[in-house]
Amino acid sequence: MLNALGIIYIVVGAACFAFYFLIGFYSRFGLSIQWIWLVAGVALIAAGLLTRVPVPRWLRYVWRTALIAGLALLVVLEGFVISGMNATAPPGMDYLLVLGASVYADGPSPALTRRVNAVMDCLDQHPDAVIIS
């Protein structure tokens, strides 16, 4: 029988799997970094199933420290991403940079479409800016 910590690990691991498939279907499995969610899901489910196996105390401390450090890193990085999502262009911009994304046979990926639309909106405010793509 699993203890509460094991159940939490398994639930969070399953959520990582679900997130992996969610972003995979949304991006057509074209993101190079989405594998991290699959690895996290496997690691957490394995940890959840192994909570009843006796392991040395130092190994438990290493695992929990790595887990807390990874969670802290995730929160900090996502904070940077979320804080920049609604950033506005500064006045007097000379260049607009469009970062690449996938182009499929039936058109651009959703990410590229959003990026091009954002640059077009920005170009209305900065008509003299040069677009770099």
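## Overall layout

From the N terminus on, the elements of the protein chain follow the order α-α-α-β-β-β-α-β. That makes four helices and four strands. The model is a predicted one. The radius of gyration of the protein chain is 21 Å, while the globule rule gives 14 Å for 133 residues, so the chain is more spread out than a compact globule.

The C-alpha trace spans about 65 × 35 × 20 Å along its principal axes. Of the 133 residues, 17% count as buried. The accessible surface of the protein chain comes to about 9,900 Å², and 72% of that surface belongs to carbon and sulfur atoms. Among contacts in the protein chain with a separation of 6 or more, 62% are accounted for by residues 24 or more positions apart.

## Helix H1

Helix H1 covers residues 4–27, which is 24 residues. From its first C-alpha to its last, H1 reaches 34 Å, close to the 34 Å expected at 1.5 Å a residue. Just after H1, arginine 28 takes a positive phi of about 60°.

Which residues of H1 are buried? They are Gly6, Tyr9, Gly13, Cys16, Tyr20, Ile23, Gly24 and Ser27. An α-helix has 3.6 residues a turn, so residues three or four places apart point the same way. The buried residues of H1 pack against helix H2 (35–49), helix H3 (57–83) and strand E2 (103–104).

## Tyrosine 20 and glutamine 34

Tyrosine 20 is placed in helix H1. With a relative accessible area of 14%, tyrosine 20 counts as buried because this value is under 20%. Leaving aside neighbours within four places in sequence, tyrosine 20 is in contact with Phe29, Gln34, Trp35, Trp37 and Leu38.

One of these partners, glutamine 34, lies in the loop between H1 and H2. Is glutamine 34 buried or exposed? At 5% relative accessibility, glutamine 34 counts as buried. Apart from residues up to four places away in sequence, glutamine 34 touches Tyr20, Ile23, Gly24, Ser27 and Phe29. Of the residues touched, Tyr20, Ile23, Gly24 and Ser27 also appear in the list of buried residues of H1. Glutamine 34 and tyrosine 61 are 27 residues apart in sequence, and their C-alpha atoms are 27 Å apart in space.

## Serine 109

Where does serine 109 lie? Its place is the loop between strand E3 (107–108) and H4. Serine 109 is buried, with a relative accessible area of 5%. When neighbours within four places in sequence are set aside, serine 109 is in contact with Ala101, Ser102 and Tyr104.

Serine 109 can also be placed relative to tyrosine 20. These two residues are 89 residues apart in sequence and 18 Å apart in space, C-alpha to C-alpha.

## The nonpolar core

The largest nonpolar core has seven residues: Met93, Leu96, Val98, Leu112, Val119, Cys122 and Ala129. Helix H4 (residues 110–125) gives the largest share of this core, three residues. One member of the core, methionine 93, is in contact with Cys122, His126 and Ala129, leaving aside its neighbours within four places in sequence. Two of these contacts, Cys122 and Ala129, are core members as well.

Histidine 126, one of the contacts of methionine 93, can be set beside proline 90. The two are 36 residues apart in sequence and 9.7 Å apart in space, C-alpha to C-alpha. Proline 90 lies in the loop between H3 and strand E1 (95–97). At 46% relative accessibility, proline 90 counts as partly exposed.

## Cysteines

How many disulfides does a search of the whole structure find? The search finds zero. Cysteine 16 is buried, with a relative accessible area of 8%, and cysteine 16 is among the buried residues of H1. Cysteine 122 is buried too, with a relative accessible area of 15%, and cysteine 122 is a member of the largest nonpolar core.

Terms used: Residues numbered from 1 in each chain as written. Predicted model: local features only at pLDDT ≥ 70, side-chain atom pairs only at ≥ 80, totals over all residues. Heavy atoms only, no water. Disulfide = S-S within 2.5 Å. Buried < 20%, exposed > 50% of the residue type's maximum accessible area, 1.4 Å probe, protein only. Core = buried A, V, L, I, M, F, W, Y, C linked by side-chain atoms within 4.5 Å. Helix = DSSP H or I, 4+ residues; strand = E, 2+ residues; numbered from the N terminus. Contact = heavy atoms within 4.5 Å. Expected span 1.5 Å × (residues − 1). Rg over C-alpha atoms; globule rule 2.2 N^0.38 Å. Areas by Shrake-Rupley, 256 points an atom, 1.4 Å probe, with all protein chains shown as cover.
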